[in-house]
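Could you walk me through this structure, step by step? I am new to it and would like a friendly tour.

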Amino acid sequence: MRRIFFDTETTGLDAKNGHRIIEIACVEMLERQRTGNFLHFYFNPERLVDPQAFQVHGLSDAFLADKPKFADKAQELLAFAKGAELIAHNASFDLGFLDAELSRLNMQPFKSYGNSVVDTLQMARNLYPGQRNSLDALCNRLGVNNSHRTLHGALLDAEILSEVYLAMTRGQESLGIDFSDVVSEAGQTRVNFAELDLPLIALSLTDEQAHLSYLDQLEQELKKPCIWRENAY
């Protein structure tokens, strides 16, 4: 499944009172792996940024003055989001601003361009009722590193959100086996891995080199070929 994690920064809190989007970021994930594809824009909102909003994101009127308008990038944004599951934290806030911007252009609501919308704030409230479920609180609870997050920034927040989402939907936090996923055939019991939602983790070049070095060391100590190397590929 293709997923798009998105976040916005705005001139203020209320789209109905004319506040506008000044930053948007979308991060792509395919089959629970970030692809490296993303979209990130700053916009000239054609109005001033509220002082309270500036304290949150640090985007000034002077910085935004030469940026494109939302209308200039709307088609590129919608093409990137098309057909994906759209995921945001407190999605109603972001969607309210996106829909207001699209309405000015006589275009359909943002969710109509995607496959569905997931609100991770509502997910968190269902998982952790009565607890704080801000993005920072979820990072602390789920062990997601957000130490580089001081001011809010749409791209950083979208990336962090993707990690929080994976942690909330991992399904199995320990090495214990869920026996609902175990089947028995011909007197033998085995795990049906096809039924498990297992993340695919690509081996980095550094990790591969470290692994091969370790195999070299084993072969020197054992003075014979390592069976893991024989069956590696």
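Is Arg32 buried or exposed? Arg32 is buried, with a relative accessible area of 10%; the cut-off for counting as buried is under 20%. Keep in mind, as we go along, that this is a predicted model. Arg32 sits in the loop between β2 and β3, the latter spanning residues 33-42. Its backbone deserves a look too: phi of Arg32 is positive, near 65 degrees, in a residue other than glycine. Most residues other than glycine have a negative phi.

Let us step back for the overall view. The chain has 9 helices and 7 strands. It holds 233 residues, and buried residues make up 38% of them. If you take the contacts between residues at least 6 apart in sequence, 63% of these join residues at least 24 apart.

A good place to begin the tour is helix α4, residues 91-104. This helix has 14 residues and reaches 20 Å from its first C-alpha to its last, close to the 20 Å expected at 1.5 Å a residue. Which of its residues are buried? They are Ala91, Asp94, Leu95, Phe97, Leu98, Ala100, Glu101 and Leu102. Several parts of the chain pack against these buried residues: the strands β1 (2-10), β2 (21-30), β4 (85-88) and β5 (116-119), together with helix α3 (70-81).

After α4 comes Asn106, in the loop between α4 and β5. Like Arg32, Asn106 is not a glycine, and its phi is positive, at about 60 degrees. In their surroundings the two residues part ways: Arg32 is buried, whereas Asn106 is exposed, with a relative accessible area of 75%.

Moving along the chain, we meet Asp119 in strand β5. Asp119 counts as partly exposed, at 21% relative accessibility. Where does Asp119 lie relative to Ala91? The two residues are 28 apart along the chain, yet their C-alpha atoms are separated by 5.2 Å. Not counting residues up to four places away in sequence, Asp119 touches Ala88, His89, Asn90 and Ala91. Its side chain also reaches the backbone nitrogen of Ala91, at 3.3 Å. Ala91 is one of the buried residues of α4, and so this contact ties our new stop to the helix we have just visited.The side chain of Asp119 has a second partner, at the start of helix α5: one of its oxygens comes to within 2.9 Å of the backbone nitrogen of Leu121.

Helix α5 itself covers residues 120-127. Thr120, Leu121, Met123 and Ala124 are its buried residues. Why do they fall on the same side of α5? They cover an arc of only 160 degrees around the axis, which puts them on the same side of the helix. As background, an α-helix has 3.6 residues a turn, so residues three or four places apart point the same way. The cover over the buried residues of α5 includes β4, β5, α6 (135-142) and α7 (154-168).

Helix α7 is our next stop, and Ser162 is found there. Ser162 is buried, with a relative accessible area of 0%. Its side chain reaches the backbone oxygen of Glu159 at 2.6 Å. Leaving aside neighbours within four places in sequence, Ser162 is in contact with Phe5, Met29 and Arg34.

Strand β1 offers another buried residue, Asp7, whose relative accessible area is 13%. What is Asp7 in contact with, once neighbours within four places in sequence are set aside? The list runs Glu23, Ile24, Ala25, Asp94, Gly153, Ala154, Asp157 and Ala158. Among them is Asp94, which we already met as a buried residue of α4.

We finish with the open space in the model. Rolling a probe the size of a water molecule over the atoms shows where empty space is left. The largest pocket has a volume of about 550 Å³. It is lined by 26 residues, and the closest to its centre are Thr8, Glu9, Val56, Phe93 and His152. At least two residues of the lining come from each of β1, α1 (51-57), α4, α6 and α7. Strand β1 gives the largest share of the lining, 5 residues.

Technical notes: Residues are numbered from 1 along each chain as its sequence is written. This is a predicted model: local features need pLDDT of at least 70, side-chain atom pairs count only at pLDDT 80 or more; totals for chains, interfaces and linings use all residues. Side-chain values use heavy atoms; hydrogens and water are left out. Helices (H or I, at least four residues) and strands (E, at least two) are DSSP runs, numbered from the N terminus. The expected span of a helix is 1.5 Å times one less than its number of residues. Buried means under 20% relative accessible area, exposed over 50%, partly exposed in between (1.4 Å probe, protein chains only). Contact means heavy atoms within 4.5 Å. The arc is that of the directions from the helix axis to the C-beta atoms. A polar contact is a pair of N or O atoms within 3.5 Å; within protein, one must be able to donate a hydrogen and the other to accept it, and residues adjacent in sequence count only if both atoms are side-chain atoms. On a 1 Å grid over the protein atoms alone, a cavity is a set of points where a 1.4 Å probe fits but cannot get out, and a pocket is an open set with protein on both sides within 12 Å along at least five of seven lines; lining residues have an atom within 4 Å of a point. Grid points are joined across faces, edges and corners, and a volume is the space filled by probe spheres set on the points.
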